[in-house]
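Open the model in your viewer and keep the selection panel at hand. The stops below go from one side chain outwards to the elements around it.

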Amino acid sequence: MEIITITNQKGGVGKTTTAINLAAGLGIIGKKVLLVDLDAQANSTSGLGVEKHNVKKDVFNLIVDDEPIKNVIISTSAENVDIIPASIELAGADIHLSMRKDKVEKIFENQFNEIKDNYDYLIMDCPPSLGLINRNALSIAEKIIIPVQAEYYALEGLTQLLSTISLVKKMFNPDLEIGGILLTMYDSRTNLANEVKDEVQKFFKEKVFKTTIPRNIKLAEAPSTGQSIFDYDSYSVGSVAYMEIAKAVLGWGK
């Protein structure tokens, strides 16, 4: 099971859109995927058709109450994709974690080991912060995907994120590496988007995905229907782009 963390402490850059559609794309290819929603807004949860009133246990219970992982996994509207859902309670999880006496950066280790033979990929959708939940996601991951919006100040805050990644790598997870930088909301017709692309490529070089995620109304509409872009509009440019990203991730293991 390959564990991928999708993170950027900057909000509104396409983390959840990427988490949902990467998971769904890998599922369509035939891989079994577990998506872990670590954001208290629970947008990955609702974005894959999970009704909040149907959620009895969620990732908060996994983190704070040590709930067995099999009790918090539920199926989604996407083929071959299960989810550990989130709820607003997760907003207080960092406080609970800070009061624990054990290694709080390792809380996921034992739980994920229990289900590692059930899935090909585990994808973690992180909140826009660099708190304990993010550090836990980085501590267990093999690869990181960092979505970066093609706009002014695109690299703002990334220095802090890279510093956190370096710290986690040094202290908890020496095998952690950046799998890819993903340019999102990209409009090739504008000078700004192309300037940002050049800047990101200059900074991250070969780590930047060749495929960019375009500004696309279908991508924006899909979550409100509880569907991935592939189920909502499989012919959209957003669908084509995320399938290319899924194929690129598939190629990491080759």
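Select L38 and show its surroundings in this predicted model. Leaving aside residues up to four places away in sequence, L38 touches V59, I63, L90, F108, M124, D125, C126, P127, I133 and A137. Add I84 to the selection: L38, I84 and M124 touch the most other members of the largest nonpolar core, which has 53 residues. Helix α6 supplies the largest share of this core, with five residues. A separate core of 32 residues can be coloured in its own right; I20, L219, M243 and I245 are among its members.

Next, switch to a cartoon view and select the strands. Seven of them form an open sheet with mixed pairing, in the order β3-β4-β2-β5-β1-β6-β7. Which strands stand at the edges? They are β3 (74–75) and β7 (177–184); each has a single partner strand, so one side of each has no neighbour in the sheet.

Go to residues 81–84, strand β4. Buried or exposed? V81 and I83 on one side, and D82 and I84 on the other, are all buried, so that both faces of β4 are covered. Strand β2 (residues 33–37) runs parallel to β4 and is joined to β4 by four bridges; pick V33 to find V81 opposite. The pairing of β3 with β4 is antiparallel, over two bridges, and here I74 stands opposite I83. These two strands form a hairpin with five residues between them, and N80 in the turn has a positive phi of about 65°.

Now move along the sheet to β1 (residues 2–6) and β6 (residues 143–149), a parallel pair joined by three bridges. In this pair, I6 stands opposite I145. Show helix α6 (residues 132–140) as well: α6 packs on the sheet and touches β1, β5 (121–125) and β6, with its direction at about 150° to that of β1.

Finally, add helix α7 (residues 158–171), which lies across β6 and β7 and runs at about 175° to β6. How do α6 and α7 meet, and at what angle do they cross? Their axes come within 10 Å and cross at roughly 55°; α6 and α7 are therefore oblique to each other. The crossing is right-handed. To see the contact itself, select R135, L138 and S139 of α6 together with T164, I165 and V168 of α7.

How values were computed. Residues numbered from 1 in each chain as written. Predicted model: local features only at pLDDT ≥ 70, side-chain atom pairs only at ≥ 80, totals over all residues. Heavy atoms only, no water. Pairing = 2+ DSSP bridges. Contact = heavy atoms within 4.5 Å. Axes fitted to C-alpha atoms, helices over the stretch in contact; angles between N-to-C directions. Core = buried A, V, L, I, M, F, W, Y, C linked by side-chain atoms within 4.5 Å. Buried < 20%, exposed > 50% of the residue type's maximum accessible area, 1.4 Å probe, protein only. Parallel < 35°, antiparallel > 145°, perpendicular 65-115°, else oblique. Left-handed = near helix turned anticlockwise from the far one by under 90°.
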